[in-house]
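Q: Please take a close look at the surroundings of the ligand in this structure. Then follow the neighbouring parts outward, in one connected account.

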Amino acid sequence: MDKAQQDALKKAAGIEAAKLIENGMIAGLGTGSTVKFLVDELGRRHQEEGLEFTGVTTSRRTQAQAESYGIKIVDVDDVDHIDITIDGADEVDSNFNGIKGGGAALLWEKIVAINSNKIVWIVDESKVVDTIGKFPLPVEVIPFGAGHVIKKLEAKGYNPVLRLDADGKEVRTDENNFVVDLHLEKIEHPTDLAEDLINMVGVVEHGLFLNMVDKVIVGDPNGPRVMT
Ligand code: 5RP
């Protein structure tokens with residue numbers, strides 16, 4: 001599948017998911033190229049159809065895009081609930097175990113997700129896998145002592161690689177942390193791995209989102225389909 005085809009599938013999933021947002025809702029808005037299509041469609045509906053909802057965003061990027069359409073965005077601590085969050089994912093299996101954080105927004109994404117009544121992911125069909133792990137698992141790490149955390153991850157056999165930008169500088173999250181990607185190929189026991197990672201001092205969060213999602217909308221060449 002080339003990038004244009006993949007983008008068409010992402011866009012179809014984003015447009016389909018936008019139908020889930022209704023007037024008066026508080027909606028969590030994820031991050032990434034698939035969510036960008038979602039926000040474009042929500043922006044269109046806001047401007048052309050008068051859709052009024054409040055957004056809680058999972059990154060400064062998504063906030064800027066949503067606000068450029070005039071969508072009202074508030075801080076996660078300014079709402080007492082979130083009706084629904086729509087986000088992308090890097091991989092998802094049939095048990096709804098997934099990897100997120102390819103766009104370095106995993107921490108805010110997980111905070112918004114766990115405070116949401118309903119979670120929907122939008123993915124193109126290439127993200128649906130039998131076993132997660134081929135996509136490198138992002139781990140958000142505090143910069144202080146990050147070298148030691150990376151050595152410990154190495155010793156555990158997790159093949160960590162500090163994420164760098166195109167200029168060779170450490171990628172920083174919206175919380176100014178580093179991202180370390182674990183090259184694992186296959187994650188056979190995601191719950192054990194999640195527990196191990198979250199208990200490491202210096203690790204803030206990891207990109208394993210295990211059975212948190214209610215519905216996955218998959219962009220498929222035959223049209224968007226729903227995994228439930
Ligand atoms: C960002 C994420 C994204 O949702 C994930 O990387 C999917 O991105 P894309 O829609 O661009 O493929 O987790 O941290």
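A: The shell around the ligand draws on H2 and H4, each of which supplies at least two of its residues; helices (H or I, at least four residues) and strands (E, at least two) are DSSP runs, numbered from the N terminus. This is a predicted model, in which local features need pLDDT of at least 70 and side-chain atom pairs count only at pLDDT 80 or more, whereas totals for chains, interfaces and linings use all residues. Residues are numbered from 1 along each chain as its sequence is written.

The shell comprises 17 residues, and the closest to the ligand are Gly 32, Thr 34, Gly 88, Gly 102 and Gly 103; a residue counts as near a molecule or strand if its C-beta atom, placed from the backbone, lies within 6 Å of it. Sorted by class, 9 residues of the shell are polar, 4 are nonpolar and 4 are charged, where Ala, Val, Leu, Ile, Met, Phe, Trp, Tyr, Cys and Pro count as nonpolar, Asp, Glu, Lys and Arg as charged, and the others, Gly among them, as polar.

Helix H4, which spans residues 106-114, also holds Glu 109, and at this position an unreviewed UniProt entry places the feature "active site". UniProt positions are given in the numbering used here, feature names are shortened, and such annotations may be inferred rather than shown by experiment. Glu 109 is buried, because 29 other C-beta atoms lie within 10 Å; the cut-off for buried is 20 or more other C-beta atoms within 10 Å of the residue's own, that for exposed is 12 or fewer, and partly exposed lies in between, with C-beta atoms placed from the backbone. When residues up to four places away in sequence are not counted, Glu 109 touches Gly 30, Thr 31, Thr 58, Asp 87 and Lys 100, a contact being two C-beta atoms, placed from the backbone, within 7 Å.

One of these partners, Gly 30, sits in the loop between E1 and H2 and counts as buried because it has 30 C-beta neighbours inside 10 Å. Apart from neighbours within four places in sequence, the contacts of Gly 30 include Thr 58, Thr 62, Asp 87 and Gly 88 as well as Glu 109. Gly 30 also lies 9.6 Å from Leu 106, C-alpha to C-alpha, although 76 residues separate the two in sequence.

Thr 62, a contact of Gly 30, belongs to helix H3 (residues 60-68), whose buried residues are Thr 62, Gln 63, Gln 65 and Ala 66. These residues are on the same side of H3 because they cover an arc of only 165 degrees around the axis, the arc being that of the directions from the helix axis to the C-beta atoms. The other side of H3 carries the exposed residues Arg 60, Ala 64 and Ser 68. Strand E1 (26-29), helix H2 (33-49), strand E2 (54-57) and strand E3 (72-73) are among the elements that cover the buried residues of H3. After H3 comes Gly 70, with a positive phi near 85 degrees.

Between E6 and H4, the loop contains Ala 104, which has a positive phi of about 65 degrees although it is not a glycine. Most residues other than glycine have a negative phi. Ala 104 is buried, since 25 other C-beta atoms lie within 10 Å.

H4 has a further part at the boundary between the domains. The domain assignment, which like all such bounds here is automatic or taken from a database, divides the protein chain into domain 1 (3-128 + 210-223) and domain 2 (137-205). The C-alpha centres of these two domains lie 24 Å apart, and their contact takes 13 residues from domain 1 and 13 residues from domain 2. On the side of domain 1 that touches domain 2, strand E6 (97-99) and H4 each supply at least two residues, and H4 gives the most, with 4 residues. By class, this side of domain 1 has 7 nonpolar, 4 polar and 2 charged residues. H4 thus appears in the shell around the ligand, as the place of Glu 109, and in the side of domain 1 that touches domain 2.
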